[in-house]
Structures are given as structure tokens and as C-alpha cells.
Amino acid sequence: MIRMTNVTKKYRNQTVLKDISLTVPPGKIIGIVGRNGSGKSTLLRLISGLSLPTSGSVTVNGETANRRIGKVVSYSAELGSFYPIFTVREAMRFQASQFADFNLAKADEIMKLMQLDPHMKIKALSKGHRGRLQIMLTLAREVPYILMDEPLSGLDPMVRESIVKGMISYVDLKSQTLLMTSHEVSEIETLLDGFIALHDGSLHRTADVEELHESEALRISEWMKKTYL
Ligand SMILES: Nc1ncnc2c1ncn2[C@@H]1O[C@H](COP(=O)(O)OP(=O)(O)OP(=O)(O)O)[C@@H](O)[C@H]1O
């Protein structure tokens, strides 16, 4: 279980998250939605333990989310931490050397699904292929929580649907929870069990997708248009 209790995050004197309290149960696919600058990435970074709240607490399976939480949380790392001269295969091996839970066989399958060339150097990859590599490196860890920040950004619209579906097939919902942010809610909403909607740093709503369908006969994208426009 991910639990945020009265979490506020400030950068200098700007409050980017305000008094957020929420829980994310295990075994779910959850979207974090909201306008640009509403705090989606900041929320994920707090859960990943790479950033700490100014006040309030964030716990994952009862443990405070700090840098050590990386043992149960896989966060879509920036490729900046990988040497640009690494090939795709070397980046996989490097990830395996950093994380004992990195499943090389699964990584290999995802690499094929993503149509990544194992011999290509990171510095030579296009933006879309760098995005695919990031998805593979994040998803191949056998951890309870996988956090992906804008996994679809930079991906060609023609392949997004198949990549999203493929991605989900590698999440084991008996033991894993996936949280992801996306600007294109309509592209991921059929996969989501629930969503967390932020507005100007405040928690606007958390809901089950089914509950939204049943109570308001709306899809998330329709609800967002109605709410935010
Ligand atoms: N390291 C930082 N230092 C200062 N301000 C920051 C930092 N990180 C984020 N912010 C600010 O926090 C606010 C929320 O940013 P965040 O990236 O979390 O929003 P977001 O909802 O993910 O945005 P987008 O949809 O544009 O990706 C923004 O105003 C941003 O400028």
C-alpha cells in the first residue's frame, strides 16, 4: 500500500503539492492526471523517494519513502544516469548489476516487443526509442510498485496503443501496482483501474474508473473536459 498523509511539497516559496492524503492499494493500474504543472511528476518523485515532502509523510508498504525505497519501487529513471556510449544490451546489464530484482529474461522480451536493437548505442537512439528503453528498464524489475512518468511521451501515435497494451501485459497484477502519468488520458484510460486527479497541486479526486462510469456515466477524459474546461 502507498500512503500519503497530509503531504505538502514546496520549492523555495512555491507550494507545488498541498496537503495531499491518499492511498493506493496493491494490484492496480492507476493514472495520475491533471493539467501541466499540477504536480503529477512531483507526486511520483515523492513516492519514488527521490524527493522528500516538506511536511507530511509518504510510506510504501509501511516504510518511509526515501532513497532506500528503491528496493520496492521501480521509477522510470532518466537515461542521464546511463553512459551514452552504452548499447541497449549494456544498459540492461548495468540495470541488472544495480538491481538484483531486474529480470533479464523479461527485459529481453520487452526489448523485442519495443523493437529495440540491442546493439544500438544510447546516444544514437531517437527520442521515441529512448522512451522505449526507459519503459523496458523500468518494467523489467520484479518489484511491487512501478512508477512511470509520461511513458508515452515521444512515442509515435501509430505504435502507442500496441506499446501500452504490451506494457500492461508485463505488469503482474497479483503482485504489482503501476502508477503512471499521462497527458493523453484517452490513450490509457481503458487500461486504468483508477485515477488520481490533481488540480493546482491539490488533490481534486481519486476514483475507480468503474465507479465513475456507473455514477456519472463518464469516461475519465470526458470527466476531465467537464471539470477542467
Ligand atoms: N526541482 C524543482 N524546483 C523548482 N520547481 C519545481 C521543481 N520540480 C517541479 N517544480 C515546479 O512544480 C510545479 C509542478 O511540477 P510537476 O512537474 O510536478 O507538474 P506536472 O503536473 O508533472 O507537469 P507537466 O504535466 O507539465 O509534466 C511546476 O510549477 C514546476 O515548475
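User: How does the radius of gyration of the chain stand against the value for a compact globule of 229 residues?

Analyst: For 229 residues, the compact globule would have a radius of gyration near 17 Å, and the chain in this predicted model has 17 Å, so the two agree. Along the principal axes, the C-alpha atoms fill a box of roughly 50 × 35 × 35 Å. Eight helices and ten strands make up the secondary-structure count of the chain.

User: What confidence does the predictor give to the chain and to the complex?

Analyst: The average pLDDT of the chain is 91, and 97% of the residues score at least 70. For the complex, the predictor gives an ipTM of 0.96 and a pTM of 0.92.

User: How should one read the open sheet, and what is the order of its strands?

Analyst: In general, the strands of a sheet pair through backbone hydrogen bonds, in a parallel or an antiparallel sense. Here, four strands form an open sheet in the order E2-E1-E4-E5, and the pairing is antiparallel. Strand E2 (14-24) and strand E5 (63-64) occupy the edges; each has a single partner strand, so one side of each is left without a neighbour in the sheet.

User: How many bridges join E1 to E2, and which residue stands opposite lysine 9?

Analyst: Strand E1 (residues 2-11) is joined to E2 by seven bridges, and the two run antiparallel. Opposite lysine 9 stands leucine 17 of E2. As a general guide to such strands, side chains in a regular strand alternate between the two faces of the sheet.

User: Which strands does H1 lie across, and at what angle does H1 run to E1?

Analyst: H1 lies across E1, E2 and strand E4 (55-60), and its direction is at about 120° to E1.

User: Which residues surround the ligand, and which helix gives the most to the shell?

Analyst: The ligand is surrounded by Tyr11, Val16, Gly34, Asn36, Gly37, Ser38, Gly39, Lys40, Ser41 and Thr42. Helix H1 (residues 40-48) gives the most to this shell, contributing three residues. By character, the shell divides into seven polar residues, two nonpolar and one charged.

User: How do E9 and E10 pair, and what joins them?

Analyst: Strand E9 (residues 194-199) pairs with strand E10 (residues 202-208) in the antiparallel sense, over six bridges. Within this pairing, phenylalanine 195 has alanine 207 in E10 as its bridge partner. The two strands form a hairpin with two residues between them, and aspartate 200 in the turn has a positive phi of about 50°.

Technical notes
Residues numbered from 1 in each chain as written. Predicted model: local features only at pLDDT ≥ 70, side-chain atom pairs only at ≥ 80, totals over all residues. Near = placed C-beta within 6 Å. Nonpolar A, V, L, I, M, F, W, Y, C, P; charged D, E, K, R; others polar. pLDDT = per-residue confidence, 0-100. Pairing = 2+ DSSP bridges. Contact = placed C-beta atoms within 7 Å. Axes fitted to C-alpha atoms, helices over the stretch in contact; angles between N-to-C directions. Rg over C-alpha atoms; globule rule 2.2 N^0.38 Å.
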